[in-house]
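Colleague: Before I set anything up, could you take me closely through a single part of this model, one strand and its partners, and then place it within the whole chain? Please give the cut-offs behind each term as you go.

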Amino acid sequence: MKLRRWQQKVIDEFPDIIKNYRKFILKAPTGAGKTVLASELINMFYKNKKIVVLCHRLVLLEQLEKGLSNEHKVKKLGLSETGRPFSDYDVLISTNLRSRDFLMKAIGDCDLLIIDEAHRVSPNGQAYKELLDQFDAKAGEQSKLLGLTASPERRTGDQKDQLGLAFDAIIDCADIEELIREEVLVPAEYKSFFIHDLELEKMDISTGDFPVEQLSNAIIKSSMIDYACKIYMEERKSIKGKPISAWFCPDVLVAEETKRQVLKYDLNVELITAKTPIKERLVILEKHESGEIESLISVGVLSEGWDNPNCNIIVHLRPTLSKVFWGQSVGRGLRSAENKEKCVVIDVSSNFTTFGPVEKLKWKLWNHRKSYLEFKNRFNWISKEQFVENRDYTYLLCEGMNKDDLRCSLVYKKKILSDQPCPVCQSYASTDLYKDNKIEKPKNDNSLHKVFFERVPKIFSDMNTNIWKNMESSAWRDANIYEKLFLSFCLAFDFVSGESTNSENEFWNLTLQAEKKVRTFLYEREIVIPQQEEFIFTHLSDGLSKGRVIRPVQTNYGVSICGENFSKNTSDVNERKFQKALQVVERIAAMGVTNTEELPYYKIS
Ligand SMILES: [Zn+2]
């Protein structure tokens with residue numbers, strides 16, 4: 001079989017990978033060919049070995065079965081399996097976690113355990129914890145756990161439910177941009193529209209995402225669906241060949257309303273939900289693949305485990321705080337196919353302006369408790385783009401009218417000094433999102449970075465360090481919350497390693513080590529820090545610039561902690577320390593310090 005370049009590369013490097021890691025994730029985009037890779041790895045490195053594959057997708061199961069059956073004997077796990085695993089076969093595939101006892105035995109015996117869609121693995125959840133423990137305890141020393149996913153991140157703040165606990169490393173096998181260049185994937189063309197009457201601000205997001213019922217009501221009340229349909233009717237004209245689209249909705253109510261509105265345009269449309277019987281679903285999917293059904297509307301079932309390479313338009317009708325969900329759903333449209341040049345992504349849910357293009361998403365093995373909060377700012381990503389060095393573009397919100405006499409509201413990137421009109425309605429009327437301060441000030445570290453790197457060496461060289469270093473107790477004693485966080489930041493900067501890291505896992509190991517040291521320091525001095533709803537980076541830089549929130553005593557004491565270190569290091573080392581210290585203080589702010597907490601990497605002795 002002819003392998004893709006990236007697949008061959010992973011196979012070439014595989015002996016080294018398994019030498020270095022026991023439990024690892026191979027990360028590659030949706031549509032890159034992870035299943036083929038998995039079969040090849042099994043065929044090449046696991047002949048006559050025992051393999052367990054856990055997958056959520058029937059499609060994957062079928063593909064694996066096909067790819068492996070020449071050289072292996074494959075068995076699908078039944079619902080009530082008994083006896084000895086691997087009695088007359090060497091690959092056990094399962095799409096469910098039933099036949100629990102049997103599965104446990106098999107995992108204890110296996111040489112390789114593959115988990116597909118590995119971002120679903122909750123190291124602390126009922127479904128997986130036992131299986132992972134079994135692997136750790138019973139599988140042989142040489143046995144490996146291999147996860148596959150496009151989006152290796154648990155979107156949860158629970159520190160016991162982080163991918164970093166189940167896997168030692170993420171191995172980045174291929175990224176979207178690379179695969180677009182190799183024509184394995186096609187580029188996405190984002191069309192992002194700001195729906196003015198969609199009210200998301202007041203929703204309670206304490207669960208980590210918009211509550212579906214409230215979200216659904218807000219969407220129905222707004223003009224979102226109407227917009228989506230009208231934009232769709234325009235965009236489908238730009239598609240070479242048949243337009244074939246997937247529409248993502250938060251619930252059945254929105255999905256049904258969408259279907260009703262799409263029908264008005266005389267398009268062939270179908271709706272599938274979790275309740276659609278599997279046979280019916282397969283028929284619909286087949287018709288969608290051929291284009292007989294142009295628009296497929298779905299609730300919750302299409303974001304994973306569905307493949308239609310011919311799909312060339314994605315319509316996103318579900319605002320979310322989940323980067324994983326955004327990445328997964330757009331990823332569905334990027335697979336290349338004959339005559340397919342691009343995938344148009346119509347986003348009426350502000351996900352593009354919140355998270356940015358899917359090809360630029362970054363994933364984390366560790367998340368702090370309220371990591372989703374930044375995504376409440378619907379312009380989160382665009383705000384951050386403001387600080388790109390030598391930026392020669394800006395983002396505009398179109399104020400023109402489209403041909404249906406609605407506000408156009410396209411959010412688009414325009415080169416500064418160019419005089420291009422809105423690419424959708426050709427209007428020149430627009431709001432510059434940066435100039436007119438239309439977007440919330442970003443909660444990022446850029447201002448802190450500048451102030452920290454400029455002021456710390458200056459303050460430090462002017463100060464009498466002997467005096468200030470002795471101010472520890474008075475600096476902490478009456479510190480306000482921001483001062484405590486500022487001081488924690490200085491401590492973290494002092495404690496954290498500045499060595500360069502080659503993987504995310506290494507980065508997080510060093511970061512968590514420093515966090516542990518800061519927590520120990522605070523514990524020993526009985527200092528507590530209340531949890532923060534939102535973390536305001538600019539307050540950290542206040543002492544170094546204005547001194548209104550953070551007073552001179554704390555500022556000077558803080559600089560005396562980290563200044564010496566700062567002045568001795570190269571700027572590269574300082575940069576690396578700074579980035580990790582930021583993560584530490586953000587985690588401390590989000591989780592608080594009670595001195596009774598037990599985290600997987602930190603226990604009070
Ligand atoms: Zn426009």
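**A strand and its two partners**

Modeller: Strand 2 (residues 51-54) runs parallel to strand 4, and the two are joined by four bridges, where pairing requires that DSSP find at least two bridges between the strands, and where strands are DSSP runs of E of at least two residues and helices are runs of H or I of at least four, both numbered from the N terminus. This is a predicted model, in which local features need pLDDT of at least 70 and side-chain atom pairs count only at pLDDT 80 or more, while totals for chains, interfaces and linings use all residues. Residues are numbered from 1 along each chain as its sequence is written.

Within the pairing of strand 2 with strand 4, valine 52 lies opposite leucine 92. Strand 4 also pairs with strand 3 (residues 74-76), again in the parallel sense, over three bridges, and there valine 74 faces valine 91 of strand 4. In a regular strand the side chains alternate between the two faces of the sheet. Strand 4 (residues 91-94) is covered on both faces, with Val91 and Ile93 buried on one side and Leu92 and Ser94 buried on the other; buried means that 20 or more other C-beta atoms, placed from the backbone, lie within 10 Å of the residue's own, whereas exposed means 12 or fewer and partly exposed lies in between.

Turning to the whole chain, 46% of the 605 residues count as buried, and the secondary structure comprises 22 helices and 16 strands. The radius of gyration, taken over C-alpha atoms, is compared with a globule rule of 2.2 Å times the number of residues to the power 0.38; because a compact globule of 605 residues would come near 25 Å, the 26 Å of the protein chain agrees with it. The C-alpha trace spans about 75 × 70 × 40 Å along its principal axes. Among contacts (C-beta atoms, placed from the backbone, within 7 Å) between residues at least 6 apart in sequence, 79% join residues at least 24 apart.

As for confidence, pLDDT is the predictor's confidence in each residue, from 0 to 100, and its mean over the protein chain is 89, with 97% of residues reaching 70 or more. Among the elements, the lowest mean pLDDT, 80, belongs to helix 3 (residues 58-68), and the highest, 98, to strand 13 (residues 343-347). Where pLDDT is low, the predicted coordinates should not be read in detail.

Notes:
Two residues are in contact if their C-beta atoms, placed from the backbone, lie within 7 Å.
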